[in-house]
Amino acid sequence: MSSVNLEVLLQTLISGVLLGGLYALIALGMTIIMGVMKIINLAHGELMMVGMYIAFVLFSWLHIDPYLSVFIAAPALFVLGVGLQKFLINPVMKVDAILPENQVILTVGIGMVLANLATIIFQSDYLQTPVSYATKAWYLTDLWKGAPLELSLSFPWSVSFTIAVLITACLWFFLAKTDTGKSIRATAQDLDAALLMGVNVERMRVITFGLGSALVGAAGCLFIPIYYIYPDIGGQFTLISFVITILGGLGSTVGAILGGLILGLFESLTATYIGMGWAPVGRFMIFVAVLIFIPGGVASLLRSRKFGK
Amino acid sequence: MKKYITYIVLGLLALLPLVGLNSYLMHILILVIMWSVIGMAWNLLSGYCGQVSFGHAAFFGVGAYTAGMLYSKLGISGWWGFPASVFVVALFALGIGYICLRLRGPYFALATLSMGVIFRIVAENLVGVTGGDLGIMIRERTWIDKTWYFYIILAVAGASFFLVRKVIESKLGYYFVAIREDQDAAESLGINTTKYKTIALILSAVITGFAGVFYTNYMGYIDPKVVFALHDISIITIMVVMVGGVATYWGPVVGAIIMVLLAEVIRSIPKLGTAHHTLFGVLLIVIIIFLPNGIVGDFSKLKRLFGMRRPAP
C-alpha cells in the first residue's frame, strides 16, 4: 500500500471515529427511552432538529456559540420531552386499542408536526451557522515536522467529539451513581419489580423521555458547526439511531456507544471507497446483516464472552 | 340488506361515471379508491395480523417500478405490470419478511420503515436500472378520458375487498387474529407464526403492488422520491387505516375518503397549504387519543358523543 493510500485510509478512520462519537450520543437518547418505556420514539430525529434550530437561532440572533447553546438547548429539549411524554404519550399508554403500536404511531404524528412547523417558520432552505473556526484544522506535520504521513484533524469535529464524550461520561455517572439514575435502570430492567421496590415508575418515564430528548438536543447543537440544517433532517437521524440501537443491542447503553462507533467507521469507509450516495445503503446493509447474523447486537456478543469465562 | 351492501356500493360506484362527472372529480374518486386499496392491504397485515408496517411504500414502489421498467426496458405496455408485479412484489416481500419478521412489534415497524428507505436510496443510486432520480415517464397515455382508469381501479378495489374478506373469514384469518392478540400463545397452540405472518405480508404486499402498478399507468410518471416516499405513502397509508378503523372491512374506505378530501381541501386554502403535515399530524394524534380504533371501529363511541344514542346505564 502506498503512503497516499495509507493516508486516505487513516484519514477515513479518523473521521469515522469522530462521526461515530456523535452518532453514539444520538443513539444513547433513543436507547434509554427504549429501555425504560419499551417504545420506539420515532420523533427522535425531529427532536434533534429542534435542538439544531435552537442553536441556529441563538447563533444568528444573539451570536451565541453553538457549543455554548448546548446549555440552553438541552434543558429546553428536556422540558419539551417531559411535556410530550406527560400530555401525549402517557394518556395513550392507558388507552385500550386493537394495535399496541399506537404510541409509536403517535410519535410519528409528533414528528410530522415538529418537522412541518419548522418548515413553516424557517422555510425549507438549507441553513448553516458560519462559525469562524469552521475550516480550522490541526495538521500532523505542524506538530511533528518529519512525519512521514500528512493527517489532519478538523477543529470543530474534534471539539464536538470531545463534548459528546464528556456528555456520555456525565450520563454514565448519572445512571450509575445517583438515586434517580438507579431508579431509571431499575425501571428498565423490570417494571413491576421496580414498582414493588417503591420506584415512582410514572415519574421515571417522564424523566427518561426528557433526558433522552435533552441528549439528542445536545447532539443537535454539536452537529450544527459541521453540518447544515433543513426541516426534514430529522428522519434520517431517527433511522440512524434506530440502526445503531439494533446494532448495539436493544436497550444497551454500552452497545449504543460501540454501535455508534462501528456505524461511523463503516459509513466513512463506504463514503470514501464506494461513493457518497451509497453511504446510507451501507448503513442499512449493516442493519440487515445484524438482524440476520447477530440479532442480539453487539451487546449479546459482549455478554456471551463474559459468561464464557 | 347488510349482506348486499358491498354489491350495492360497488354497483353505485360503477354507475357514477355515467352521471358525467368532470375530470377533477373523477381524479379525486380514483385517488380515493386507490388509497382504499392500499389501506385494505395494510389493514390485512397490520390491522388483522398485528404486524404494523411503516414501509408499505416499498411494495407500492416496487409495483410502480415493475410497471415502469416493463415499459422503459422492454417497451411493452405498463399494464402488463399487473401480472408481472404479482411475482416481483411477492419475491421482494418474501425477502423483506425473511429479514423483518424476526422482529416483533415496534421493532418490526421500524425495520420495515428502514426497508422503505433502503428501497428509495437503491432506486436513486441504481441509475442504470431504474433511471435514478430522473424517474420513468410513460410517454403515451392509454386513455385521455379517466373513465377506464376508474373502472380498472374499481375492479382492483372490489377484488381486494372480497379477497381480504374471504381471507379474514377463513381459517387463515383466525390465525392472523390469534397472532395479533398473543403471538406466544398462538405459537404454543401449534400455529406456525412465521409462516402465517409471511403469508399475510405477501398478500398485503401484492395488493399494495397492484396499487403501485395502477399509479404508474395512471400518473404516467414515477420517480423514487414519489413512489418510495416515507411520509406521503407509508405514513399516509397508516393514517388512512387509523382514521377509518383498524381491523374493519370498511375502515380503509372511510379513511381514504377522509384523507384524500382533507388533503385536497387543505391544499386549496392558500396559506394552509404548507401546513398540511401539521394538520395531518394533529389529526393522527387526536384520533389515537380519542378514537384509537378509528371512525368505523369506534362508531358507537362517536354516536354517543353526538347524542344519537343514550350512554349505556
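Phe108(B) counts as buried because 22 C-beta neighbours sit inside 10 Å of it, and the cut-off for that label is 20 or more. Keep in mind that this is a predicted model. Phe108(B) belongs to helix H5 of chain B, residues 105-125, and H5(B) also gives the largest share of the side of chain B that touches chain A. Below is a quick tour, starting at that residue and working out to the two chains.

**Around Phe108(B)**
- Once neighbours within four places in sequence are set aside, Phe108(B) is in contact with Gln51(B), Val52(B), Cys100(B), Leu101(B) and Leu103(B).
- Thr193(B) is 85 residues away from Phe108(B) in sequence, and the C-alpha to C-alpha distance for this pair is 14 Å.

**Where the chains meet**
- On the chain B side, 34 residues are in contact with 39 residues of chain A.
- H5, helix H12 (230-244) and helix H14 (276-290) of chain B each bring at least two residues to this side.
- H5(B) puts in 11 residues, the largest share.
- What is that side of chain B made of? It splits into 24 nonpolar residues, 9 polar and 1 charged.

**Helix H13 of chain B**
- H13(B) runs over residues 251-268, and its 18 residues reach 26 Å from first C-alpha to last, close to the 26 Å expected at 1.5 Å a residue.
- Its buried residues are Gly251(B), Pro252(B), Val253(B), Val254(B), Gly255(B), Ala256(B), Met259(B) and Val260(B).
- Those buried residues pack against three helices of chain B: H2 (23-48), H12 and H15 (294-297). H12(B) is also one of the helices that supply at least two residues to the side touching chain A.

**A helix crossing in chain A**
- Helix H1 (residues 3-37) and helix H10 (residues 234-248) of chain A have axes that come within 8 Å and cross at roughly 75°.
- That angle makes H1(A) roughly perpendicular to H10(A), since 65 to 115 degrees is the range for that label.
- From H1(A), the residues that meet H10(A) are Tyr23(A), Ile26(A), Ala27(A), Met30(A), Thr31(A) and Met34(A).
- Across from them, H10(A) offers Phe237(A), Ile240(A), Ser241(A), Phe242(A), Ile244(A), Thr245(A) and Gly248(A).
- Sorted by type, the residues of this contact come to 9 nonpolar, 4 polar and no charged.

**Helix H2 of chain A**
- H2(A) covers residues 44-62, and its end C-alpha atoms are 27 Å apart, which agrees with the 27 Å that 19 residues should span at 1.5 Å a residue.
- Of those 19 residues, 15 are buried, so H2(A) is largely enclosed by the rest of the structure.
- Right after H2(A) comes His63(A), with a positive phi near 55°.

**Chain A overall**
- Chain A has 13 helices and 2 strands, and 49% of its 309 residues are buried.
- Its radius of gyration is 20 Å, which agrees with the value near 19 Å for a compact globule of 309 residues.
- Along the principal axes, the C-alpha atoms of chain A fill a box of roughly 65 × 55 × 35 Å.
- Among contacts in chain A with a separation of 6 or more, 76% join residues 24 or more positions apart.

**Chain B overall**
- Chain B has 16 helices and 2 strands.
- Its radius of gyration, 19 Å, is close to the 20 Å from the globule rule for 313 residues, so chain B is as compact as a globular protein of that length.
- The C-alpha box for chain B is roughly 65 × 50 × 40 Å along the principal axes.
- Buried residues account for 48% of chain B.

Methods:
Residues are numbered from 1 along each chain as its sequence is written. Chains are lettered from A and ligands numbered from 1 in the order in which they are written. This is a predicted model: local features need pLDDT of at least 70, side-chain atom pairs count only at pLDDT 80 or more; totals for chains, interfaces and linings use all residues. Helices (H or I, at least four residues) and strands (E, at least two) are DSSP runs, numbered from the N terminus. A residue is buried if 20 or more other C-beta atoms lie within 10 Å of its own, exposed if 12 or fewer, and partly exposed in between; C-beta atoms are placed from the backbone. Two residues are in contact if their C-beta atoms, placed from the backbone, lie within 7 Å. Axes are lines fitted to C-alpha atoms, for helices over the stretch in contact, and angles run from 0 to 180 degrees between N-to-C directions. Angles under 35 degrees count as roughly parallel, over 145 as roughly antiparallel, 65 to 115 as roughly perpendicular and the rest as oblique. Ala, Val, Leu, Ile, Met, Phe, Trp, Tyr, Cys and Pro count as nonpolar, Asp, Glu, Lys and Arg as charged, and the others, Gly among them, as polar. The expected span of a helix is 1.5 Å times one less than its number of residues. The radius of gyration is taken over C-alpha atoms; the globule rule is 2.2 Å times the number of residues to the power 0.38.
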